[in-house]
Amino acid sequence: MDRLILKNQLEKYRTPYEEEAGFVQDFINLTDDPLAFRRERLAGHFTASSWIVNPDRTHTLLTLHKKLGRWLQLGGHADGEENLVEVALKEAEEESGLTNIRLVESSIFDLDKHIIPERPHVPEHFHYDVRFLMEAELSDQLVMSNESISLAWFTFDSVVDMIGYNPSILRMLEKTSKSEILL
């Protein structure tokens, strides 16, 4: 998926979620910026994530992010790579140690524009996170990366209790529950 394919997917992307629909155009506009896939674009840049679920759609894999101190899906910076599916897969493998992650569908699963707090030498900025639905087996061995405090599978029923209120995680959880009906 290069810049033009991404732009085309974003232009066709539809969501019933008001918050998500509210920033789709921001994603489309960002594809025109030559620095959109580089973290050096200090106003904000593309990132890619994997919403990893087991094939039975009962669990999701989350990481307790070291820098942000929050339970999140696995993902990271594009660092110049325009194929965000590849970025999402690479980041998921690096952050989980899983080697048999399967892309469920190459179309966009979810979008989220969120603010990243200021850190030394890095100003506050936006992440334009493009998310893809992935599957992995619960029985596969996990290997936590140094970017995490913890890494674990959570039952769908326990996600809210573990993460608290995070509208983007709750939205992906709801989308997964709805997609289960369609499978």
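Modeller: Helices (H or I, at least four residues) and strands (E, at least two) are DSSP runs, numbered from the N terminus. This is a predicted model. On that footing, Arg 57 is placed in the loop between S1 and S2.

Biologist: Why is Arg 57 called buried?

Modeller: Buried means under 20% relative accessible area. Arg 57 has 4%, so it is buried.

Biologist: What makes the phi of Arg 57 notable?

Modeller: Most residues other than glycine have a negative phi. Phi of Arg 57 is near 60°, a positive value, and the residue is not a glycine.

Biologist: Where is Asp 79, and what is its phi?

Modeller: Asp 79 is in the loop between S4 and H4. Its phi is positive, about 50°, although Asp 79 is not a glycine.

Biologist: Why is Asp 79 called partly exposed?

Modeller: Exposed would require over 50% and buried under 20%. Asp 79 has 43% relative accessibility, which lies in between, so it counts as partly exposed.

Biologist: How do you know that Val 53 is buried, and what does it touch?

Modeller: The relative accessible area of Val 53 is 0%, so it meets the limit of under 20%. Val 53 lies in strand S1. Leaving aside residues up to four places away in sequence, Val 53 touches His 59, Thr 60, Leu 133, Met 134, Glu 135, Ala 136, Trp 153, Phe 156 and Thr 176. As for Leu 133, it is 80 residues from Val 53 along the chain, while their C-alpha atoms are separated by 7.7 Å.

Biologist: Why is Leu 151 called buried, and which residues does it touch?

Modeller: Leu 151 has a relative accessible area of 13%, which is under 20%, so the term applies. This residue lies in strand S8 (residues 148-155). Residues up to four places away not counted, Leu 151 touches Leu 61, Leu 62, Thr 63, Trp 71, Leu 74, Glu 95, Ser 96, Leu 142, Val 143 and Met 144. Leu 151 and Ser 96 are 55 residues apart in sequence, with 7.3 Å from C-alpha to C-alpha.

Biologist: What makes Asn 166 a buried residue, and where is it?

Modeller: Its relative accessible area is 6%, under the 20% limit, so Asn 166 is buried. Asn 166 is in the loop between H5 and helix H6 (167-182). Among residues further than four places away in sequence, it touches Arg 70, Trp 71 and Leu 72.

Biologist: How do you know that the buried residues of H1 line one face of the helix?

Modeller: In helix H1 (residues 3-12), Arg 3, Leu 6 and Leu 10 are buried. Viewed down the axis of H1, these buried residues fall within an arc of 60°, so they line one face. Leu 4 and Lys 12 are exposed on the other side of H1. The buried residues of H1 pack against helix H3 (24-30), S1, H4, S6 and S7.

Biologist: What makes the buried residues of H5 a single face?

Modeller: Phe 156, Val 159 and Ile 163 are the buried residues of H5 (residues 156-163). Down the helix axis they fall within an arc of 20°, so they line one face of H5. Asp 157 and Asp 161 are exposed on its other side. Just after H5 comes Gly 164, with a positive phi of about 75°.

Biologist: How many residues line the largest pocket, and what kinds of residue are they?

Modeller: The lining has 40 residues, and His 65, Leu 68, His 77, Ile 116 and His 127 lie nearest the centre of the pocket. By class, nine lining residues are nonpolar, 15 polar and 16 charged. The volume of the pocket is about 850 Å³. Strands S1 (44-53), S2 (59-65), S4 (74-77), S6 (110-116) and S7 (125-135) and helix H4 (84-96) each supply at least two lining residues.

Biologist: How do you know that the radius of gyration agrees with a compact globule?

Modeller: A compact globule with 183 residues would have a radius of gyration near 16 Å; the protein chain has 15 Å, so the value agrees. The C-alpha atoms fill a box of roughly 40 × 40 × 30 Å along the principal axes. Of the 183 residues, 49% count as buried. Among contacts with a separation of 6 or more, 70% are between residues 24 or more positions apart.

Biologist: What is the order of helices and strands along the sequence?

Modeller: The chain has six helices and eight strands, in the pattern α-α-α-β-β-β-β-α-β-β-β-β-α-α.

How values were computed:
Residues are numbered from 1 along each chain as its sequence is written. This is a predicted model: local features need pLDDT of at least 70, side-chain atom pairs count only at pLDDT 80 or more; totals for chains, interfaces and linings use all residues. Side-chain values use heavy atoms; hydrogens and water are left out. On a 1 Å grid over the protein atoms alone, a cavity is a set of points where a 1.4 Å probe fits but cannot get out, and a pocket is an open set with protein on both sides within 12 Å along at least five of seven lines; lining residues have an atom within 4 Å of a point. Grid points are joined across faces, edges and corners, and a volume is the space filled by probe spheres set on the points. Ala, Val, Leu, Ile, Met, Phe, Trp, Tyr, Cys and Pro count as nonpolar, Asp, Glu, Lys and Arg as charged, and the others, Gly among them, as polar. Buried means under 20% relative accessible area, exposed over 50%, partly exposed in between (1.4 Å probe, protein chains only). Contact means heavy atoms within 4.5 Å. The arc is that of the directions from the helix axis to the C-beta atoms. The radius of gyration is taken over C-alpha atoms; the globule rule is 2.2 Å times the number of residues to the power 0.38.
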